[in-house]
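Biologist: Got a minute to walk me through this one? I'd like to start with the ligand and then wander.

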Amino acid sequence: MVYIKDLSEHEGKEVQLKGWNAQKRDSKGLVFMTFRDGTGYCQAVISLDVVGEESFEAAKRLPQESSLAITGKVLKDERQIGGFEIQVQSLKVIAEAEDYPITPKEHGVDFLMDKRHLWLRSRRQWAIMRVRNEIIYSIHRFFQEHGFVQMDAPIFTGNACEGTTTLFETDYYGEPAYLSQSGQLYGEAMAMAQGLIYTFGPTFRAEKSKTRRHLSEFWMIEPEMAFYDLKMDMDLMEQFIQYVVGSVLVKCKDELKVLERDTTYLDKVCEPFIRMKYEDAVSVIKGEKEVNGKTSLQMLAEEDAALKAQKAQLESEIKEREDKIAGGTLKKGEINFNQNKVDKLKNEIKELDEKLANIPQWLNSAQNFKRGDDFGGSDETVLTKMFGQPVMVYNWPQEVKAFYMKEDETDTGYAKGVDLLAPEGYGEVVGGGERETDIERLKRKIEEHQLPMSAFEWYLDLRKFGNVPHAGFGLGLERLVAWICGLQHIRETIPFPRSYGRLLP
Ligand code: 4AD
Ligand code: MG
């Protein structure tokens with residue numbers, strides 16, 4: 001058996017492939033099948049003359065997503081999906097599928113989410129998962145090559161690392177325990193043992209709202225470095241993101257093409273990131289400070305106009321096609337073709353409408369942003385839309401950040417935390433900073449945050465035995481996948497998303 005990914009090594013030879021019928025059409029004695037085997041796609045041409053009546057009829061009848069084995073000669077054909085065609089000599093059906101619910105026509109996203117176990121087979125989803133895989137692999141490569149040791153933090157924890165509002169409580173032998181919101185506190189302990197460590201594990205946040213950025217279960221990568229300060233932390237963060245994005249751009253060209261990802265902004269990631277203090281970022285958000293000769297309010301007005309123009313164009317194309325259909329001169333196949341296009345365009349308009357509906361909200365939150373507040377999704381969107389590059393916002397007001405953030409000695413009231421915001425409106429993908437080392441201050445902060453001191457005794461020990469400056473950060477894997485793939489919503493970035501209101505499939 002040969003895999004589609006290796007077809008180039010078998011050009012002109014006969015091979016056997018095992019896989020599924022992703023889609024097919026037939027015409028006079030020929031069936032053209034889009035064949036997939038998990039490693040890729042190719043066209044399989046099944047000819048009545050070659051395979052004989054029985055196999056041909058079987059192929060012609062074969063429902064979408066039936067599994068089969070095919071044997072045939074490999075021909076290079078750049079025009080075909082995957083760049084290769086198999087001239088089928090013989091085929092064997094492994095299992096005929098029932099009526100497959102996901103057809104080439106457009107489906108609503110709720111329907112697709114309910115069928116996630118099958119939706120994963122669709123080409124776009126396939127491509128996203130391949131990008132996710134390369135991201136994961138390159139993350140490990142980066143850290144391993146830089147001398148970091150991967151160490152795992154526990155999932156059951158007794159403490160709230162990121163505040164008490166998003167905890168999932170479970171019953172741990174009769175005691176309450178929480179699903180980990182972050183491995184960081186354990187990461188700090190492990191960094192004192194190994195110097196440079198990273199964790200890579202699932203984390204949980206009870207987010208009782210449906211947003212395009214939040215999952216209840218997501219994967220976080222958290223490096224923690226002994227003897228690092230905020231500046232070193234930001235340098236590493238930048239180098240790390242550049243490495244991962246760079247790897248995907250090199251290794252996932254085909255996948256990004258399937259996703260129709262415009263990589264203009266990804267290509268710019270190799271340039272130095274913007275670094276700005278919270279106070280300056282606020283001035284940009286509120287429209288008090290221009291970026292490239294433009295205020296945030298002007299930028300939003302321009303975007304609004306551009307989206308409206310795009311919508312008008314789609315509407316006129318829909319009308320054109322609907323008129324054609326109504327004209328009554330088209331053949332059945334042409335009507336289907338046009339109707340499919342219309343459905344697709346209508347979905348695009350729906351997406352545009354969603355974007356358009358956001359703009360007044362963005363404008364509102366930009367104009368009314370209160371200095372000293374944490375950024376919401378809208379604020380991050382506005383800020384990052386002002387730059388074509390990732391932005392690192394640092395030195396945040398202490399009150400809006402977690403208890404473990406170190407206070408800046410030269411800038412009282414501000415914490416040495418940093419958020420990395422991705423461009424194109426994607427917002428926060430990484431959060432991190434330098435950790436508080438002053439044990440008295442830490443105790444005070446734990447009290448202020450109304451956290452139970454007893455759960456943090458072990459953590460405070462780290463400040464008693466060989467206390468050193470240290471820093472780290474946490475990357476949200478799914479947020480990075482969404483940005484790199486250019487997805488509207490985080491739900492497509494993970495095989496089986498868990499979010500408010502969804503536990504199945
Ligand atoms: O900013 P956060 O809350 O930071 C921490 O947890 C730190 N302890 C990390 C550290 O310094 N070691 O979360 C880090 C990242 C965010 O930037 C975001 O990318 C992601 O985790 N994240 C989420 N991703 C999906 N769904 C959610 N509900 C998320 N909450 C955070
Ligand atoms: Mg954060």
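**Ligand, helix and surface**

Modeller: Sure. Bear in mind that this is a predicted model. In it, a side-chain N or O atom of Q184 sits 2.7 Å from a nitrogen atom of ligand 1.

Biologist: Which atom of ligand 1 does the R205 side chain pair with?

Modeller: An oxygen. That oxygen atom of ligand 1 is 2.9 Å from an N or O atom in the R205 side chain.

Biologist: And how far is the E207 side chain from a nitrogen of ligand 1?

Modeller: The distance is 3.3 Å, from an N or O atom of the E207 side chain to a nitrogen atom of the ligand.

Biologist: How much of ligand 1's accessible area does the protein cover?

Modeller: 94% of it. On its own, ligand 1 has 630 Å² of accessible area.

Biologist: Which elements give two or more residues to that shell?

Modeller: Three strands: β11 (217-226), β15 (427-434) and β16 (470-476). The largest share comes from β15, with 5 residues.

Biologist: Which residues come nearest to ligand 1?

Modeller: E162, Q184, E222, E428 and V429, out of 23 residues around it. Q184 is also the residue with the 2.7 Å pair.

Biologist: How does the shell divide into nonpolar, polar and charged?

Modeller: 8 nonpolar, 7 polar and 8 charged.

Biologist: Switching topic. Why is helix α15 described as largely enclosed?

Modeller: Because 8 of its 9 residues are buried. The helix covers residues 477-485. Buried here means under 20% relative accessible area.

Biologist: Which ones are buried in α15?

Modeller: L477, E478, L480, V481, A482, W483, I484 and C485. So the list includes a glutamate, E478, whose relative accessible area is under 20%.

Biologist: What follows α15?

Modeller: G486 does. Its phi is positive, near 70°.

Biologist: Now the outside. Which residues make the nonpolar surface patch?

Modeller: F156, Y172 and Y173 make it, and the patch is about 400 Å².

Biologist: Where is Y173, and is it buried or exposed?

Modeller: Y173 is in the loop between β8 (169-172) and β9 (175-179). Y173 is exposed, with a relative accessible area of 74%. The cut-off for exposed is over 50%.

Biologist: Last one, the overall picture. How many helices and strands?

Modeller: 15 helices and 16 strands. The protein has 505 residues, and 50% of them count as buried. Its C-alpha trace spans about 85 × 50 × 45 Å along the principal axes.

Conventions
Residues are numbered from 1 along each chain as its sequence is written. Chains are lettered from A and ligands numbered from 1 in the order in which they are written. This is a predicted model: local features need pLDDT of at least 70, side-chain atom pairs count only at pLDDT 80 or more; totals for chains, interfaces and linings use all residues. Side-chain values use heavy atoms; hydrogens and water are left out. Patches are made of residues with over 30% relative accessible area and no salt bridge: like charges are joined within 9 Å, nonpolar side chains (Val, Leu, Ile, Met, Phe, Trp, Tyr) within 5 Å. Accessible areas come from the Shrake-Rupley method with a 1.4 Å probe; for residues, only the protein chains shown count as cover. A salt bridge is a side-chain nitrogen of Lys or Arg within 4 Å of a carboxyl oxygen of Asp or Glu. Helices (H or I, at least four residues) and strands (E, at least two) are DSSP runs, numbered from the N terminus. Buried means under 20% relative accessible area, exposed over 50%, partly exposed in between (1.4 Å probe, protein chains only). A residue is near a molecule or strand if one of its heavy atoms lies within 4 Å of it. A polar contact is a pair of N or O atoms within 3.5 Å; within protein, one must be able to donate a hydrogen and the other to accept it, and residues adjacent in sequence count only if both atoms are side-chain atoms. Ala, Val, Leu, Ile, Met, Phe, Trp, Tyr, Cys and Pro count as nonpolar, Asp, Glu, Lys and Arg as charged, and the others, Gly among them, as polar.
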